[in-house]
Amino acid sequence: MAPAAHTHSYYAATAVGMHDYPCLDEAVRADVCVIGGGFTGLSAALNLAERGFGVVLLEAERIGFGASGRNGGLIGSGQRQDVIEMERQFGLARSREFWNFAEAAKSDIRERVAKHVIDCDLQEGQLLGVHKKSYLGMAAETAKALAERYGYPHARALGRDETRALVATDSFLEGMYDAKAMTIHPLNYALGLASAAQAAGVRIHEASRVLNYTRSSPAVVTTATGQVKADFIVLACNGYLGKLEPRVAGKIMPINNFVVTTEPLGESRAHALIAGRFGVHDTRFVVNYFRLSADRRLIFGGGENYRAGFPRDIAAFVRPNMRKLFPQLADVAIDYAWGGTLSVTLRRLPHIGRLPPNLYFAQGYSGHGISIANFAGRIIAEAIGGSAERFDVFSSLPVHTFPGGTLLRYPGMVLGMLYYSLKDRL
Ligand SMILES: Cc1cc2nc3c(=O)[nH]c(=O)nc-3n(C[C@H](O)[C@H](O)[C@H](O)COP(=O)(O)OP(=O)(O)OC[C@H]3O[C@@H](n4cnc5c(N)ncnc54)[C@H](O)[C@@H]3O)c2cc1C
């Protein structure tokens, strides 16, 4: 069975080290069967193999076919919500625990890239643009909190002019620059993780969609053409989970988000637009995020929908958001436009846990999944290996089911999402 092609993205066009892994066409035995070949699954597989487990990874399409090969490439510090909000919800001690978890997740990516020499354009720096008068002051408050309460001196508040000097838009009233957040070519990182996993002994199969598995020990995982008998299952399908695991499907809502990439802008025009290779995102509920590519294109993400299926013309869907920030790019051609599916939880925190008798899962990174998904794979491997201390940071956190479960989560959530995105514009 041939795997589906990658989506027509800038990342697929500039992929390094892409190669085909065979479809599973036999019955095999493994210690662990990982389902899903994005950051969560790849990282779990690699870390498990490094600990001596026999691992089979089954990917329905291609390695990095899901959100991991399509995202904006911004690796933020902390969690999806800022520390002020986290302190309000959880108190300082727990907020610090979540922050430290995310810092370890960033370090894990740096270490993986260095250890396996992954050619994925890892860069440092990220700017948050504040778009709304009522948010003025939040950059200074957050940077101060990070320095004083989290031992993180790398975030700095910027006034309007300083922000404007870094990003040529009139949309930002102030900013915060985080010198130790990062950006990455996400598909190349996924492909690099896959090569490292294979070298560590993981048997990777593409075009091998899991149809079902038994709730038994060992479990029997079935695809159209093969079977894996395994002591543990790691479920790493995130926004692409569908109906495979009803016990966790209702905790997440899949949403689609869209990205475009312009033609190369040339060095001077690119630099005049964004004065560096740092990533930029803003304070809108439907976040605009963007950065320059290695060949000086603008990669711009903005716009999402909450139903199955993408708009027919994604470039036309995203372009107005880009033009609102950068009217000076009206004449610039868009070379690539694509969408991907991620998943969000009600609280915008990841949902990580285990289900009886032997299944581990991680999902619902809520748009903050590059580092956290990658790290979730590591801590699942730790937990299967017998040390669940870091796994329990999130597995102990109650995660609410979407009202209406999988059947009715959409109408209510869509209304909610539309309400907040409307608030962005007011
Ligand atoms: C457009 C977009 C922009 C984003 N931007 C950012 C960003 O800038 N920063 C950030 O931190 N996060 C961002 N995210 C989120 C981030 O990409 C995800 O949180 C992260 O990649 C999730 O990784 P994952 O491995 O859990 O899931 P995925 O990468 O989605 O992988 C799941 C895999 O499971 C496979 N699968 C599904 N069902 C089966 C089955 N039955 N059998 C076998 N395989 C199956 C799928 O084919 C898929 O490859 C963005 C997401 C999108 C879509």
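**Notes on α11 and the ligand shell**

1. Right after α11, G386 adopts a positive phi of about 110°. Helices here are DSSP runs of H or I with at least four residues, strands are runs of E with at least two, and both are numbered from the N terminus.

2. Keep in mind that this is a predicted model: local features need pLDDT of at least 70, side-chain atom pairs count only at pLDDT 80 or more, and totals for chains, interfaces and linings use all residues. Residue numbers start from 1 along each chain as its sequence is written.

3. Confidence (pLDDT, the predictor's score per residue from 0 to 100) averages 95 for the protein, and 95% of the residues score at least 70. Strand β2 (residues 55-58) is highest at 99, while helix α13 (residues 405-425) is lowest with a mean of 62. Where pLDDT is low, don't read the predicted coordinates in detail.

4. Back to α11: 15 of its 16 residues are buried, meaning 20 or more other C-beta atoms, placed from the backbone, lie within 10 Å of a residue's own.

5. The largest nonpolar core (buried Ala, Val, Leu, Ile, Met, Phe, Trp, Tyr and Cys joined through C-beta atoms within 7 Å) has 122 residues, and A45 and I380 are among those touching the most other members. α11 gives the most to this core, with ten residues.

6. α11 also helps around the ligand: α2, β11, β15 and α11 each supply at least two shell residues. The shell has 41 residues, with G38, G66, G72, G340 and G369 coming nearest; a residue is near if its C-beta atom, placed from the backbone, lies within 6 Å.

Technical notes: A residue is buried if 20 or more other C-beta atoms lie within 10 Å of its own, exposed if 12 or fewer, and partly exposed in between; C-beta atoms are placed from the backbone.
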